[in-house]
Amino acid sequence: MSISRRSLLLATGALGGSALLSACGGSDPSGATAGAPTGELEVFSWWTEGAERNGLLALLDDFKGHQPKLDFVNRAVAGGAGAKAKEELAARLAAGHPPDSFQGHAGAELAGYIAAGRLEGLNPLYEKEKWADHFPAALLPLIRTEGTYYSVPVNIHRANMLWSNPAVLTAAKADPAPTSIEAFLESLQKVKRSGRIPLVLGEAWTRKHLLETVLLAGLGAERWSTLWRKGGSWSSPQVTAALQDFRDLLQLSNLADADPLSWDDATKLLGAGKAGYQVMGDWAEGTLKGSLGLHPDSGYNWAAVPGTSGMFQFLSDSFTLPAKAKHRQAALAWLTECGSLDGQLAFNGAKGSIPARTDFPADTRALFGQYQQWSLDQWQKCEIVGSLTHGVVAPIEWNAEIDAALADFTTRRDLPKFQDALAAAGAKHAT
Ligand code: GAL
């Protein structure tokens, strides 16, 4: 594929222009489809909102160009961060009725599926595509268990991001890039006095997302990472202080009205000038730019979550091959697409993330938007740590216990009880 097509994919993806993408898909200049799989391919994900849907459609469009004979069944279950999808998936896997490929996260999230024998190893595909040479060294151990690769990463997202509305902040005289939680709280107070929502939250998982970034700010990269290993110090005074910060931040949020809002609804409130700040992964950029047509500086701004600059709390969406997938050949073709350079450029241009592959041509870099170019630099420069909410540091069962403790805390605000519950979950699950 020529660089001009890459450029078109990136540009239209960034505008959320899946219609235009469809218009230019469907060709196979390499003739690689001879003997290609035919029939159905069911792909399971949770990409239904704004930029995540646009990303999936951009990837799909490129895929159709390479595999025109496949009939793609888009089984996307609404609910950010897979809140609902993961339950449905677990039921299907338990019933022996897996989709042909499903979305997960690189890291601990897939451990349970692997241990239960639900996934097929992908080493032959990795060898054929030489992916071990093209994915970052830091990512490889997270998609490999005892020497076997079990998923194909499509991107790198950053969780510890603060998004803000410049007009709201200017009117309130608030800072777009506070460097500490203390300074952030002062700016939030100013936005509150101006009559806007200071910190906009959505459904339950968006609060865990906030919590993990505040813990990172309070603990730093090293201590954050040790929390997820045996002996991790959940009862430390640093954790207590971070939980106090979290409690103070909740006071300056729309928590009471947040339940019905998806992450994307919350991002749109920010874009529309109804809120000052949102702590959200950089899929929010895809919505601000792609869905709302806003521009950096005039329409929105970004910074690392206060206290976390120099740290990149990452996550990586990755696709799998379930054992007993009905359309195995089609699934392998899909996974090949997910790991391909063209697929990753098309997908990430629309989604707000950066490619997991490191070998894209230097001149392609300039085609990404301002945020993504900054993010590509940050990924090189920052200290890399994993995300909790998005599957890197803890398995699903541990996440579920943290969810329960957090739900209790957001209603009762009993901080010692919350910290004890977090410590108990840590002692139970850390290995
Ligand atoms: C994450 C996922 C992202 C984005 C987000 C919101 O878990 O990795 O790609 O979709 O959820 O739904």
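No salt bridges were found across the interface of domain 1 and domain 2 in this predicted model. Polar contacts, by comparison, are present there: eight residue pairs are linked in this way across the interface, with both members of each pair at pLDDT 80 or more.

On the side of domain 1 that touches domain 2, the elements that give two or more residues are three helices and a strand, namely α3 (50–66), α15 (341–351), α17 (370–381) and β15 (383–386). Of these, α17 makes the greatest contribution, at seven residues. By residue class, this side of domain 1 consists of 16 nonpolar, 10 polar and seven charged residues. Charged residues are therefore present on this face, seven in number under the classification that counts Asp, Glu, Lys and Arg as charged, although the salt-bridge count across the interface is zero.

The two domains are each assembled from two sequence segments: domain 1 spans 39–156 and 315–386, and domain 2 spans 161–314 and 395–429. The contact between them draws 33 residues from domain 1 and 29 residues from domain 2. Their C-alpha centres are separated by 26 Å.

The size of an interface is often expressed as the accessible area lost when the parts come together. For domain 1 and domain 2, the buried area amounts to about 2,700 Å², and carbon and sulfur atoms account for 63% of it. Within the area that domain 1 buries against domain 2, Leu315, Tyr371 and Val385 supply 25%, a share that exceeds that of any other three residues.

Terms used. Residues numbered from 1 in each chain as written. Predicted model: local features only at pLDDT ≥ 70, side-chain atom pairs only at ≥ 80, totals over all residues. Heavy atoms only, no water. Domains from an automatic or database assignment. Contact = heavy atoms within 4.5 Å. Buried area = accessible area lost by both parts, 1.4 Å probe. Salt bridge = Lys/Arg side-chain N within 4 Å of Asp/Glu carboxyl O. Polar contact = N/O pair within 3.5 Å; in protein donor to acceptor, adjacent residues only side chain to side chain. Helix = DSSP H or I, 4+ residues; strand = E, 2+ residues; numbered from the N terminus.
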